Amino acid sequence: MATAKQGDKVLINYTGKLEDGSVFDTTIQEAGCCEDDNCGCDDDGCGCGETGPLEITIGNEDFFPQIEEALVGMAPGEKKTVVIPAEDAFGEYDEDEVFTISREQLTGEIVPEVGMELELTGDDDEPVEVVVVEVNEETITVDANHPLAGEDITYEIELLEIV
């Protein structure tokens, strides 16, 4: 049976989990999921709304390098588990990425609330995605860390097909 090698285009299913076992991303849609519009599946990691299996080319850095390396030598139908430490995944959590801005710095009619995602403009005029973590009458504290920063992540992968 053929096995995957560098440069091969492959089709995979995966499930990404945190250390506590919670699913943060998957290509696998559970049976019966989203049979109605009010299933709430987007919140529980079942994969609703996903397009199904992911097609990548091994070595093109389409996905985490550790995943692509793990695919080398796998045959269709084979499964593996790959743990990616925080520093190689979404980075370590950086307290310096939590900062406070004046409410006056917000443009338009934005009414900030804790948990709200905003796009600010950084010093280099590049957009910075942040999450509001605290609001008071004069300031807003935001967190620019990736939501999974500081998390070791585990991917369960299955090679479905060498295309």
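1. The side chains of Lys17 and Glu156 form a salt bridge in this predicted model. Their closest N and O atoms are 3.4 Å apart. Lys17 sits in strand 1 and Glu156 in strand 9 (residues 153-162), so the contact joins distant parts of the chain, 139 residues apart. Lys17 is partly exposed, with a relative accessible area of 24%, and Glu156 is also partly exposed, at 35%.

2. Strand 1 takes part in another salt bridge, between Lys9 and Glu55. Here the closest N and O atoms are 3.9 Å apart, which still counts because the cut-off for a salt bridge is 4 Å. Lys9 belongs to strand 1 (residues 9-18) and Glu55 to strand 3 (residues 54-57), so this pair ties together parts that are 46 residues apart in sequence. Both ends are partly exposed: Glu55 has 44% relative accessibility and Lys9 has 38%.

3. Asp8 and Lys5 meet through their side chains in a salt bridge, with an N to O distance of 3.1 Å. Asp8 is buried, because its relative accessible area of 11% falls under the 20% limit. The count of salt bridges comes to three.

4. A separate point concerns the surface. Asp94, Glu95, Asp96 and Glu97 form a negative surface patch. Asp94 lies in the loop between strand 4 (79-84) and strand 5 (98-102). Is Asp94 buried or partly exposed? Asp94 is partly exposed, with a relative accessible area of 31%. That value qualifies Asp94 for the patch on accessibility, because patch residues need over 30% relative accessible area.

Methods
Residues numbered from 1 in each chain as written. Predicted model: local features only at pLDDT ≥ 70, side-chain atom pairs only at ≥ 80, totals over all residues. Heavy atoms only, no water. Patch = residues over 30% accessible without salt bridge, like charges linked within 9 Å, V, L, I, M, F, W, Y side chains within 5 Å. Areas by Shrake-Rupley, 256 points an atom, 1.4 Å probe, with all protein chains shown as cover. Lys, Arg positive; Asp, Glu negative; His and termini not counted. Charge placed at Lys NZ, Arg CZ, Asp CG, Glu CD. Helix = DSSP H or I, 4+ residues; strand = E, 2+ residues; numbered from the N terminus. Buried < 20%, exposed > 50% of the residue type's maximum accessible area, 1.4 Å probe, protein only.
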